[in-house]
Amino acid sequence: MIAAPVFAALPKRLILPRAAQSHAPASRFTWSAYPMMRADMRRSLDRKVRGKPVHDSLSIDDMESAKRWTPSSPVSLRYTTDRARVGSRSLRFTTQQRDEGYIRANRRPNGSFAGDAALFDQLPAAPAARLALDPPQDWSRFNRLSLWCYVHPTGNPINSLCLEFTCLGAPAGPSDPISVHYFADLEQGEWNHLTWEIPEHARDRVSEITLFVPVWGLPFAKVKSGLSLDLDDIRVERVDVEQVDGWSIAPAKIAYSHVGYRREAPKVAVGRSSAVRRFELLHDGDGRVAATFPVTKLRTRRASYDIYDFGAFSAVGVYRLRVAGFETDAFPINDDPWRELVQATLNGFYGLRCGYAVPDAHDACHCDVLVRHGSETRVVGGGWHDAANLSQDTENTHVSVCALLDLHDALLSSAPDLASRALEEAKWGLEWVARMRFGAGVRSLRGGHTYFTDGKVGTDDDIILDQVGSSVFLNITAALASAKGSRRLRTSEPEFAAELLKAAEEDFATVLSVRSAPVHENGPPDWHVQPWQNEVGYVVLAAVELYSATRKQSYADAAAKYGAWLLDMQERRFIEGSPVTGYFYEDAAKTRILHDQQRTSGAPNSFEEGALLGLAALCEALPNHPDWIEWRTGLAAYATYFCERGAEASRPFHHLPSAVWRKSDLDQPMPEDFGAKMFAGRPSPVYPSTPTPENIRRQIGAMYDAGTYLSPNQRLRTFPLWTDHVRHGGTAVQLTKTIGLLAAARVRQDLDLLRLGERQIQWVVGANPFSRSLVYGVGYDWWQNFTVSLPNMVGGLSVGMNSYRNDSPAWGQNAVFPYKEIWVASSARLAASLAGVCGRAVVEGSSPGAMFRNVATGDVSSVRPGRYELNLAPGIYEVRFGSATRSVTLVPGPRTLILDPANSVDLQMTWEGKPGSPKGIRLTARGAGRHLLCLRSANISTEWTELSVDLAADRPTSIGCAVTVTDTASPWLVVAQVGRDAREHFELIGSALARSL
């Protein structure tokens with residue numbers, strides 16, 4: 001353990017030194033130093049595709065004769081014979097990575113440095129070189145750009161080059177790709193071969209090529225500011241390109257989980273439709289056939305598939321799939337396949353730390369970025385960089401802390417070493433949360449700086465932030481993070497825990513004072529404002545957390561009150577006969593369906609998970625509350641009729657849906673397109689043409705039509721319906737819904753929901769039509785991310801999967817903002833999703849001696865008489881104790897089972913009557929002793945609510961109960977409890993509408 005050269009807790013008042021010096025207040029913690037994980041570059045798709053055979057090519061510039069290259073003001077260009085890839089010379093591009101004149105000239109109103117990096121070539125200080133192509137060139141028969149770049153050594157490990165082209169007249173609407181690619185991690189002192197496959201881009205009238213070097217300061221004090229690149233042999237080529245979009249499986253690919261499968265879980269891979277009837281599972285080491293299985297055929301409205309189901313195989317090992325001579329890369333089958341992904345995700349957080357010396361990334365950074373409020377000035381450096389551009393959005397730090405704490409709790413049962421790492425990372429964020437708080441409901445609102453300053457207070461590049469104030473949503477998420485942190489640290493860090501709890505209570509009180517009534521109508525869509533639904537979900541979650549920490553009834557009352565407001569925003573009816581319901585609206589008046597990509601901090605980044613986490617927390621914390629059945633029904637409706645039913649639209653991948661859209665939604669105001677407002681004045685690579693309202697509406701209409709039909713005026717989108725050209729990325733949205741789904745799985749003890757949640761994470765690591773992992777350095781065939789100011793790091797996750805047409809996934813090669821941009825918010829969503837699947841079921845109770853047999857694997861675990869605790873894999877278990885036997889479904893998390901043969905019950909429930917029109921419930925009880933059965937129901941009345949039954953050990957008892965549905969246009973739910981304790985429950989959900997997608 002070493003003391004970190006950074007800080008988190010500050011004195012109440014900071015006196016700034018006159019002389020420039022590195023400022024690093026002491027931390028209350030001692031931090032472990034970790035090496036950054038190294039990616040196996042043999043698995044990088046960027047590396048693999050460089051050596052493809054070239055079928056045809058056209059030279060754009062071999063640098064042997066002078067072309068019309070035009071440098072921007074920070075750049076000097078000259079030809080050099082020092083080195084060349086073809087011919088005798090190359091073009092030398094020279095600029096400064098830190099521009100002192102730019103720093104002195106760009107100031108905030110308070111006189112400090114503005115802190116803006118030149119990350120896009122349209123900015124005045126951007127170092128760029130442009131080659132005009134007059135007349136424009138038609139590249140239609142080519143599909144790849146290629147160039148060579150030699151980086152002169154500077155000591156800077158972060159070297160990137162942006163390649164762009166402008167195609168005159170190309171559309172720049174929501175369905176069009178951006179013709180920009182940032183090559184990252186260029187090697188110094190050698191030629192780098194850079195290739196970019198461009199089949200999805202318009203390229204019939206290319207008028208200009210731009211080479212651009214992002215300038216964002218110096219990450220290390222010893223790095224030289226001057227930068228020279230030698231450029232040569234720019235050409236377009238025709239190759240056999242990788243598949244960019246579509247639901248069909250890419251050629252010579254199989255979609256499968258690159259990180260592997262749990263022994264007891266379903267194991268499914270997907271291939272292209274073929275005549276093959278059987279497939280093989282091979283041992284990776286020697287290629288021996290471990291098992292052979294039949295191929296199942298599936299045809300959907302989008303494509304035809306071969307399904308490779310090998311769920312019956314559970315032997316631990318490392319394997320490959322072989323189909324007609326084609327073999328996948330290796331993957332494990334074991335008890336903890338998520339470990340690699342968890343470790344990488346934690347590595348990604350570590351790499352995004354601000355104010356910390358991250359190996360191979362930067363010194364302890366932003367120690368001279370200060371936030372000022374009244375007489376106090378505090379150092380901002382800390383927490384995590386929000387994204388590749390080094391900024392910091394406060395709510396994302398809060399949510400990241402919560403995700404890491406939840407991940408810690410889950411890992412305690414499966415990987416205690418990684419649990420400790422997750423807790424340490426959460427503590428790193430908690431210190432920053434505490435330091436950025438200036439009082440009750442008052443905190444630093446955002447750090448928009450994107451420049452690596454020198455870290456020394458008193459020099460020209462100091463940044464002073466004045467954005468301090470009160471934000472309802474930030475106060476909600478801060479109260480939640482602080483309350484969670486207080487509970488986790490109560491024993492190990494009692495003083496800090498007490499400070500956090502006090503802050504949480506104060507901040508939460510400010511929220512209640514300004515949100516005392518529901519928001520009936522949100523204002524026009526705004527990228528920077530969370531809707532009322534997001535706020536209410538997190539208020540409920542924070543209130544439950546505070547209740548758990550303090551046991552104050554006022555917090556339970558607040559949680560229940562806001563929980564009722566939350567349910568008022570949920571759709572429970574099958575509108576126009578649509579088979580999908582359970583989704584949420586933005587406000588109490590239900591004016592707009594929640595379309596999570598429309599209200600964010602700049603890109604698709606939903607906070608919808610708060611609603612489901614809040615309902616789950618209410619069910620678990622207040623099981624005897626009169627509204628418990630309504631909370632439970634809200635969870636069930638979302639999980640069953642939005643997630644499960646909506647995922648049918650993307651069979652066999654079962655990708656969770658993004659949102660329901662009504663035709664009338666297309667006529668509503670859309671968020672302002674700030675990018676077009678700033679950059680669409682002249683043709684450029686980002687905006688080759690100015691987006692017109694007519695074109696935008698036409699493309700939005702086409703995206704609506706491409707959704708899955710629900711009713712004459714409704715469609716279901718698997719991917720978000722984009723409203724502008726730039727703000728794309730669907731994986732963060734998908735994982736937000738995954739978090740909610742897994743919360744429902746935990747509360748309902750539903751193994752099918754758990755498996756559907758696992759499918760979402762498997763999609764992210766290879767079980768998608770391209771068989772590409774979206775997580776850098778994990779699995780196989782990952783493209784590089786848009787990292788710009790940082791290196792690509794193992795575990796880095798971008799905003800995620802794009803979509804251009806037909807509501808189908810798209811994952812091109814170009815690393816561009818924001819869909820390929822690493823975001824800490826995406827890592828937080830992945831961490832929270834992993835928290836729902838990576839743990840084990842921790843079963844405790846008492847027994848006369850018992851045996852738990854996993855039905856899927858046959859594994860048996862035994863306990864001795866008395867108190868017991870078992871750590872078991874999720875699954876269905878046959879439990880034998882004394883003369884009794886019962887079936888138990890276990891999902892990750894704690895579970896109490898009192899096993900008494902003389903007083904036991906195993907209950908099964910089925911509907912009686914026609915499907916969708918039940919007349920009764922049939923309960924079949926097995927066990928012994930007298931038991932009180934309690935029924936709790938929503939949208940359906942039952943003949944009885946409590947009934948005592950006497951069970952005999954040698955025979956089942958059948959019990960009937962007549963029911964009457966209240967509203968056939970909505971789902972109904974019945975929960976049977978053994979006694980009045982909601983921990984032992986059995987559930988039936990139904991609806992009159994059985995139509996699938």
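User: Let's start with a sheet: which residue in β38 stands opposite Ala850?

Analyst: First, a word on the source: this is a predicted model, so local features need pLDDT of at least 70 and side-chain atom pairs count only at pLDDT 80 or more, while totals for chains, interfaces and linings use all residues. Residues are numbered from 1 along each chain as its sequence is written, and side-chain values use heavy atoms, with hydrogens and water left out. Now, the general idea: strands of a sheet pair through backbone hydrogen bonds, either parallel or antiparallel. Here, Ala850 faces Phe881 in β38. Helices (H or I, at least four residues) and strands (E, at least two) are DSSP runs numbered from the N terminus, and two strands pair if DSSP finds at least two bridges between them. Strands β35 (850-854) and β38 (875-881) have five bridges, in the antiparallel sense.

User: In what order do the strands of that sheet run?

Analyst: The order is β36-β35-β38-β39, four strands in an open antiparallel sheet. β36 (860-863) and β39 (884-890) are the edge strands; each has a single partner, so one side of each lacks a neighbour in the sheet.

User: On to helices. How far does α9 reach from its first C-alpha to its last?

Analyst: The expected span is 1.5 Å times one less than the number of residues. Helix α9 (553-567) has 15 residues and reaches 21 Å, close to the expected 21 Å.

User: And which residues of α9 are buried?

Analyst: Buried means under 20% relative accessible area, exposed over 50%, and partly exposed in between (1.4 Å probe, protein chains only). An α-helix has 3.6 residues a turn, so residues three or four places apart point the same way. In α9 the buried set includes Tyr555, Ala559, Tyr562, Trp565 and Leu566. Among the elements covering the buried residues of α9 are α7 (494-514), α8 (532-550), α10 (609-621) and α11 (628-647).

User: Now a charged side chain: is Arg353 buried or exposed?

Analyst: Arg353 is buried, at 0% relative accessibility. You'll find Arg353 in the loop between α3 (339-351) and β22 (369-373). A polar contact is a pair of N or O atoms within 3.5 Å; within protein, one must be able to donate a hydrogen and the other to accept it, and residues adjacent in sequence count only if both atoms are side-chain atoms. The Arg353 side chain makes one with the side chain of Glu425, at 2.9 Å. For plain contacts (heavy atoms within 4.5 Å), Arg353 touches residues including Trp31, Trp384 and Trp428.

User: Any backbone oddities? Which peptide bond ending at Pro135 or Pro652 is cis?

Analyst: Most residues other than glycine have a negative phi, and most peptide bonds are trans. The bond from Asp134 to Pro135 is cis, with omega near 5 degrees, and Pro135 sits in strand β6 (128-137). The bond from Arg651 to Pro652 is cis too, with omega near 5 degrees. As for phi, Asp807 has a positive value near 50 degrees, and Asp807 is buried at 0% relative accessible area. Asp185 has a positive phi of about 60 degrees, but Asp185 is partly exposed at 25%.

User: Zooming out, how many helices and strands does the chain have?

Analyst: The chain has 16 helices and 47 strands. The radius of gyration is taken over C-alpha atoms, and the globule rule is 2.2 Å times the number of residues to the power 0.38. For 997 residues that rule gives 30 Å and the chain has 29 Å, so the chain is as compact as a globular protein of that length. Of the 997 residues, 64% are buried.
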